[in-house]
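This report looks at how chains of an assembly are related and how they meet. The sequence and structure come first.

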Number of protein chains: 6
Amino acid sequence: MTVWMEDLTSKEFQDIVVRDPLFILPIGATEAHGVHLPLSTDTLQPEALAEELGERMGALIAPTINYGVHNTTRTMPGTVDISFDTLRALTRDVLDSLVRNGARRILVIIGHASGTHMTAIGLACTEVARRERVRIVCLSDWDFGDEFAEAEGIDRHDGHGGIMETARILAIRPELVKDHRPSGEYVELGHSIPLDASRRFPQGIVGEPSKATAQIGRRMNSFLADRLEEIIRRDLGG
Amino acid sequence: MTVWMEDLTSKEFQDIVVRDPLFILPIGATEAHGVHLPLSTDTLQPEALAEELGERMGALIAPTINYGVHNTTRTMPGTVDISFDTLRALTRDVLDSLVRNGARRILVIIGHASGTHMTAIGLACTEVARRERVRIVCLSDWDFGDEFAEAEGIDRHDGHGGIMETARILAIRPELVKDHRPSGEYVELGHSIPLDASRRFPQGIVGEPSKATAQIGRRMNSFLADRLEEIIRRDLGG
Amino acid sequence: MTVWMEDLTSKEFQDIVVRDPLFILPIGATEAHGVHLPLSTDTLQPEALAEELGERMGALIAPTINYGVHNTTRTMPGTVDISFDTLRALTRDVLDSLVRNGARRILVIIGHASGTHMTAIGLACTEVARRERVRIVCLSDWDFGDEFAEAEGIDRHDGHGGIMETARILAIRPELVKDHRPSGEYVELGHSIPLDASRRFPQGIVGEPSKATAQIGRRMNSFLADRLEEIIRRDLGG
Amino acid sequence: MTVWMEDLTSKEFQDIVVRDPLFILPIGATEAHGVHLPLSTDTLQPEALAEELGERMGALIAPTINYGVHNTTRTMPGTVDISFDTLRALTRDVLDSLVRNGARRILVIIGHASGTHMTAIGLACTEVARRERVRIVCLSDWDFGDEFAEAEGIDRHDGHGGIMETARILAIRPELVKDHRPSGEYVELGHSIPLDASRRFPQGIVGEPSKATAQIGRRMNSFLADRLEEIIRRDLGG
Amino acid sequence: MTVWMEDLTSKEFQDIVVRDPLFILPIGATEAHGVHLPLSTDTLQPEALAEELGERMGALIAPTINYGVHNTTRTMPGTVDISFDTLRALTRDVLDSLVRNGARRILVIIGHASGTHMTAIGLACTEVARRERVRIVCLSDWDFGDEFAEAEGIDRHDGHGGIMETARILAIRPELVKDHRPSGEYVELGHSIPLDASRRFPQGIVGEPSKATAQIGRRMNSFLADRLEEIIRRDLGG
Amino acid sequence: MTVWMEDLTSKEFQDIVVRDPLFILPIGATEAHGVHLPLSTDTLQPEALAEELGERMGALIAPTINYGVHNTTRTMPGTVDISFDTLRALTRDVLDSLVRNGARRILVIIGHASGTHMTAIGLACTEVARRERVRIVCLSDWDFGDEFAEAEGIDRHDGHGGIMETARILAIRPELVKDHRPSGEYVELGHSIPLDASRRFPQGIVGEPSKATAQIGRRMNSFLADRLEEIIRRDLGG
């Protein structure tokens, strides 16, 4: 059963914790995702995965972290960007607090799969896992995106705000997805560090979101949940 | 109209920002509130106020900060505690990001009215307001709690998880409030800094929550919205 | 007997410390206090209280911290302002050093009763008290100001540089108080964070200092010492 | 005329500042100085020099910093030790505040002449002098100690708590100096960083303080004031 | 012509800088690389590349950074590990210093291709490139390793201390490579953060170094230089 | 025998470490040294001393730190300057890593003998020595420069880039020393902190480098090695 920690009383929480549950910490973002997807796109996906995993295996879902580190979309309207150090400290403090509360098995699911963002979170996870000697698995729900794309014959360049992201949000919160979904292209800016990285996404997204369907989204969500379930059973024991 | 920023596309957000809207940043907490109230109690209250203010005056609500600094309840099951420095950095980064997005009038509503917690947020607000020369009002929705209590004849010692908090959650999310609501007492520990501050709340709360009703909660929410509306009109222009 | 630590030799200090004395750390400030009071006003008051308490109960007074965090008076001539982080680190280091020297019972008296200033000191006190498991009481000598004002019939808006502060300095160091003592008013700037907070005190002070007398000051100093003595006896043992 | 900033009202301070006065910031310490000298030994000396310079040339003396960084005496009873970073931050903040108040010519006199302590202060002085483009002279009153010792035929190994320090305190605050003044020797511990540096001063001091007289102290204080006066006239203009 | 900055006089350096040369900053590591490769393996490779690029295009090579952030090999004998924050600060300071010296076109070549290590360097490069508005290309010389492996038919699991690394050191400093070169295997530890990551490399390396030859190494070095030369001509102008 | 750690395999390193060898960490700099000496002057000297000591006594030389903190030469072409905090953190991290690798006896040799630079290193050495309870000797190879100068009748004002430094580089790397070696003078700037400290060395150096010979350099290198050997034998045991 999925349980959102925030909905519990202190007593209910304690009654669950003594049974050594799986904790899930979703880490989302508030980020521009083109003209058709909501700013919460990267939050909705890991939250939905967390819910699905809870349904399947039982889990206690900690309050989502809503902010991340952004580079390419940083200057686009609606992106809320926090610094690398702040995200690292925040993740570390929340994990430390969960551990103090009794968490021993924690899955951190990251919705925004950028390298810098994930390193900030990874440093925090590694610090807490080693210092407190608890088991933490830290994954982006996009770690298995390529595998799904290949299986479905989706263009391998499909990316930010493209078919897969759009399909997943269509499956999760269809009312937040607009019908007008123009395509976007990734522009290679070369290896020199760009002063304005947003030129990489002139249309704000990468891929052909008009091809997305809720059905594809449901298949993908299910596919990712399968992968994560497998990993949890193998690496986070019970 | 209330608009949650996270539900908007980048384009929709931009269309609103150019009209210089009121931004509201709710700052909640994840904190033990006795055997009858959910851990999200301090998050639900400022979010509900933000919604109400949005209905009345129009506002863009930024993604809620869900974590805070806790002292008395820090060791109670379910409290998620982050450090003073992390909360300060997080609030500063989020505010800076909103300002970079065009925010010029910001209301920060704080659900957890503890002095240390509020100072962390206050330092961040002051830094951003002065550096960026924008208008920020930073208030706890409890700044007017005493006034309401007096008007309603509620015991002036009513506090954490007591009549007023319970009543407000009964008005906002009744399904999260338990029927069994034992009273709790504040225990004066003296002026020496306690090694374990939780001894101040032996029952985890302070007050008589069994006296709470949804009606009182609705009156209080409305009363607070009146006060804040007044302040916004006077101090955050438009 | 009052003993200023700085006047002792290392040997004399050690001879006292082995008897587990009460330590007092006065924290003052260097701050503009209108045209009639010296910049050391907030230093003289806790030092005088420390002396009085020493006379009554015996105490070892550590070297005063002379600098604080200021907001409203920050831009007024003569205010020496240090940052929140510096004040916190300084207080923590001094307390840690006293504890390393054998202090187990410490009273921190704060002369400048501003919230941010007191939070910086409070964080340091809490950190040291818990980490080192020593007893620390941290109070502003203004925590009992309202009680005294009421008892004496002093206007409840009397504040910075007003009757009470002036009276106390008249009792402590009369030669530093000027005869010309114009009144000042607090100007409510609303809830928006002011770019220049000094507009709150257009005359630099709040109250009617011309009504102050040394007699009132002596009564107030005595009143505060009574309160603190009580607290020390109850909460700092012996 | 010597003016202690702390004794002035805001108005008096402002009236002096507009005439571009010399500011002096004394930096003392609270440190064990054997069985015959007070813990304030390193504070009394720069304060006395500041007073003397004020008498000679006019100066505004800022509130003394009473704490420093200690190595050899750190574990001796009565030494109050703050960290390198805290001392640097404190000195920088105080200097920044003086500059914001209008100081353009600042003499920093350091009573405790240890290398690490002086580097912390020196870094702060250099940062503020360059960033704010003000003139700062930062000296230990011991920079001319060897010169005086040679002129007086005092043993060149005379050091911490020895003839010269004792003589100066005899001249400044004779009532704080004990009559029993055993000699002490510096013990060379080799070049390996000692785990306990206090073994360098087994008697807590270095030198023969019994040879000290108030007369020597007065000559030395006068000699140092001469040197500093010369430097101020040449390097801090007017 | 290759010029190592450290061999130049200040004057010679200045004469080159005015012609706006390409700067190269090699970032190596001191890290265990099995029983057959030296601890400097990750330093020798970017230095050799820098030399080769200098020969081809002219370049000024800054002093190599010899330390990095290590995870898997951290506990193996000979690995010198510095923290993420230290590496970031060091890279930033060195780059800032080069820019202050006139550098406008900088190639940073990283020998140790671990994600965390590269993020620390990447954050520093991005900060300096944007703040100072200079062109910086930051690459690992392993960014093209897969491409080379495929072209040469080398096993795609070849990794740390395997065929390619061994071959390159055989080409660069053959005398430092031992003849006995046992194979090693990567052990998948699952997704849970390992308390001891070194279990991933039970033999300390990954691959079959016995298959390495100096000829392969020369081909690879040349192949990488081709790729980098292309990138420099395109993205770092001249 | 001298062994450079970077040339060893992990296995070879481990075989040496178990015998509790002397570790030497050379700390150099990249700094302008007039028109005749290379930027690596302060690196070459401690490295040569480390080599010589290794030949005499056996030692494991850790990878050199190439960057330092500079004041007077900071703005001269070719000086690479890092901040005080970065140098302190870097030295601490490298020492901690050596200790984790088994180092128990460490000599840190500093080529650039400026006070601030040496304090940064000294703070790191002291922290690690005390926390890890290992023996560390931290010396500048210039600590015995005056003694040598006196013995050789070299002008006592000989300094940066003068006879002694030039002679040593002539002995170590003659091909890097130019024949044209104009003299330079130290200009006393007074005690006020200079906005541009490079005015102290108008010719970039201090002394008469034309008088330097390789023979003097060899004598000096040998003299310094004698002093250090003595210290190591006495203070770093074996």
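In this predicted model, A:Asp85 and E:Arg88 form a salt bridge, and their closest N and O atoms lie 2.6 Å apart. Across the interface of chain A and chain E, two salt bridges are found. The polar contacts between chain A and chain E come to 13 residue pairs.

On the side of chain A that touches chain E, at least two residues each come from α3 (84-100), α4 (115-132), β5 (135-140) and α7 (214-235) of chain A. The most come from α4(A), which gives seven residues. The residues on this side of chain A fall into three classes, as follows.

| Class, side of chain A that touches chain E | Residues |
|---|---|
| Nonpolar | 13 residues |
| Polar | seven residues |
| Charged | seven residues |

The contact involves 27 residues from chain A and 27 residues from chain E. Between chain A and chain E an area of about 2300 Å² is buried, and carbon and sulfur atoms give 57% of that area. Of the area that chain A buries against chain E, 31% is supplied by A:Arg130, A:His191 and A:Ile193, more than by any other three residues.

Chain A and chain B are related by symmetry. A turn of 180° with a shift of 0.0 Å along the axis lays chain A on chain B with an RMSD of 0.0 Å. This is the relation of a two-fold axis. Within chain A, A:Thr86 has the C-alpha nearest the axis, 3.3 Å from it. Of the interface residues of chain A, 100% are also interface residues in chain B, so the copies meet through the same surface.

Notes
Residues are numbered from 1 along each chain as its sequence is written. Chains are lettered from A and ligands numbered from 1 in the order in which they are written. This is a predicted model: local features need pLDDT of at least 70, side-chain atom pairs count only at pLDDT 80 or more; totals for chains, interfaces and linings use all residues. Side-chain values use heavy atoms; hydrogens and water are left out. Copies are superposed by least squares on the C-alpha atoms of residues with pLDDT of at least 70 in both. Contact means heavy atoms within 4.5 Å. Buried area is the accessible area (1.4 Å probe) that two parts lose on being put together, summed over both. A salt bridge is a side-chain nitrogen of Lys or Arg within 4 Å of a carboxyl oxygen of Asp or Glu. A polar contact is a pair of N or O atoms within 3.5 Å; within protein, one must be able to donate a hydrogen and the other to accept it, and residues adjacent in sequence count only if both atoms are side-chain atoms. Helices (H or I, at least four residues) and strands (E, at least two) are DSSP runs, numbered from the N terminus. Ala, Val, Leu, Ile, Met, Phe, Trp, Tyr, Cys and Pro count as nonpolar, Asp, Glu, Lys and Arg as charged, and the others, Gly among them, as polar.
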